[in-house]
Amino acid sequence: LQTLPPVQLAEKYFTIFPEERDPLWQNPCHDKRHKDIWSKEKTCDRLPKFLVIGPQKTGTTALYSFLTLHPAITSNFPSQFTFEEIQFFSGSNYQHGIDWYMDFFPFPSNASTDFLFEKSANYLDSDVTPRRAAALLPRAKILVVLINPVDRAYSWYQHQRAHQDPAALNYTFHQVVSVGLDSSPELLTLQHRCLVPGAYAMHLDRWLRHYPPSQLLVVDGAVLRSNPVQVMEGVQRFLGVTPIFNYTQVLVFDENKGFWCHRVEGGRPKCLGKSKGRKYPEMAVEVPPCQIVLFELPVAAPTAGLDVVEVAGVQWTLVNMQSMT
Ligand code: A3P
């Protein structure tokens with residue numbers, strides 16, 4: 001039997017087991033052996049019971065803000081690094097480990113009735129997130145907000161125009177979604193961010209490989225926008241929060257903004273910021289056969305009569321956009 005100093009031992013270990021170089025954090029309290037060596041000062045209660053996973057531009061901020069009005073639901077503290085969202089599972093923050101993640105959450109006053117949650121709108125279309133989330137939070141519930149992917153793509157295009165993205169300023173939406181692979185990297189990046197998060201089936205399929213369908217709720221973003229009281233009741237039932245909070249008390253429709261907002265003192269509305277619920281022109285209807293990449297095409301599927309392109313290494317059918325709206 002041999003041993004080595006710690007660093008050399010680690011190097012040897014990872015030479016033998018290279019697949020373990022990438023950590024996969026698990027909940028220390030789910031395994032007695034881990035729990036026994038987990039510091040007595042630490043708790044496993046500072047982890048979310050549910051995640052709002054996106055995608056961007058579907059109403060995730062509205063859902064987030066409505067959830068925070070609930071007396072038994074608490075979100076993470078905002079992150080100063082990543083525009084308030086923690087974005088733990090999807091990128092390099094994951095390397096910071098679970099203590100880093102848990103520091104974003106308060107100690108719940110009652111671990112069994114309080115619901116901590118996190119919203120990171122880029123989780124839905126992140127390749128690595130479902131596996132990582134399921135390893136640490138196998139019992140978490142997952143909320144995803146979906147709208148017509150064409151509207152989502154258009155909203156993202158308008159978002160980028162508002163942020164002075166030259167590709168969005170210099171090209172129409174129709175051009176952005178229909179240019180070919182020989183276009184500039186900036187234009188292709190914009191096209192990618194317009195279209196790829198909208199490939200809902202592909203992303204949900206990845207999540208469903210790690211979570212049972214009973215733990216996943218698809219929220220209709222159009223109903224969230226028009227009737228949030230109804231949606232919030234369904235969300236609470238799905239989460240199992242009790243008692244059911246009546247959102248008619250705390251929400252009010254703002255005629256100027258055209259959206260539902262928080263009802264604050266005196267019944268006045270306090271709405272989300274200017275970047276949520278922007279005013280922009282309707283999607284052009286005069287654009288002749290306007291096409292958008294929407295559906296992933298199984299490789300073996302017959303392609304006769306369909307336009308097919310390749311985006312992100314996957315073949316997609318092109319569907320007439322007007323027929324979708
Ligand atoms: P637009 O600004 O294009 O209208 P997200 O927060 O996921 O990025 O989504 C932003 C979208 O949320 C907005 O897109 C808006 O349509 C929608 N939304 C739904 N309910 C809203 C609300 N109560 N207040 C503001 N925006 C809301």
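A polar contact is a pair of N or O atoms within 3.5 Å; inside the protein, one atom must be able to donate a hydrogen and the other to accept it, and residues adjacent in sequence count only if both atoms belong to side chains. The model is predicted, with local features needing pLDDT of at least 70 and side-chain atom pairs counting only at pLDDT 80 or more, while totals for chains, interfaces and linings use all residues. Residues are numbered from 1 along each chain as its sequence is written, and side-chain values use heavy atoms, with hydrogens and water left out.

**Exercise 1.** Determine which polar atoms of Lys276, Tyr280 and Thr58 pair with oxygen atoms of the ligand.

Solution. Begin with Lys276, where a polar side-chain atom lies 3.0 Å from a ligand oxygen. Continue with the side chain of Tyr280, which places an N or O atom 2.5 Å from an oxygen atom of the ligand. Finish with Thr58, whose contribution is a polar backbone atom, 3.2 Å from a ligand oxygen. The protein covers 95% of the 570 Å² of accessible area that the ligand has on its own (Shrake-Rupley method with a 1.4 Å probe; for residues, only the protein chains shown count as cover).

**Exercise 2.** Work out which helix gives the most to the shell around the ligand.

Solution. The ligand is surrounded by 19 residues, where a residue is near if one of its heavy atoms lies within 4 Å. Both α3 (60-68) and β7 (259-263) supply at least two residues of this shell, helices (H or I, at least four residues) and strands (E, at least two) being DSSP runs numbered from the N terminus. Of the elements, α3 gives the most, with four residues.

**Exercise 3.** Locate the partners of the salt bridges formed by Lys32 and by Lys42, and describe their exposure.

Solution. A salt bridge requires a side-chain nitrogen of Lys or Arg within 4 Å of a carboxyl oxygen of Asp or Glu, and the count by this rule is nine. Lys32 pairs with Asp36, the closest N and O atoms being 2.8 Å apart, and both residues lie in helix α2 (residues 32-37), four residues apart. Lys32 is exposed because its relative accessible area is 61%, exposed meaning over 50%, buried under 20% and partly exposed in between (1.4 Å probe, protein chains only). Asp36, at 48%, is partly exposed. Lys42 meets Asp99 at 2.6 Å, N to O; this pair links distant parts of the chain, 57 residues apart, with Asp99 in helix α4 (residues 98-102) and Lys42 in the loop between α2 and β1 (50-52). Lys42 is partly exposed at 36% relative accessibility.
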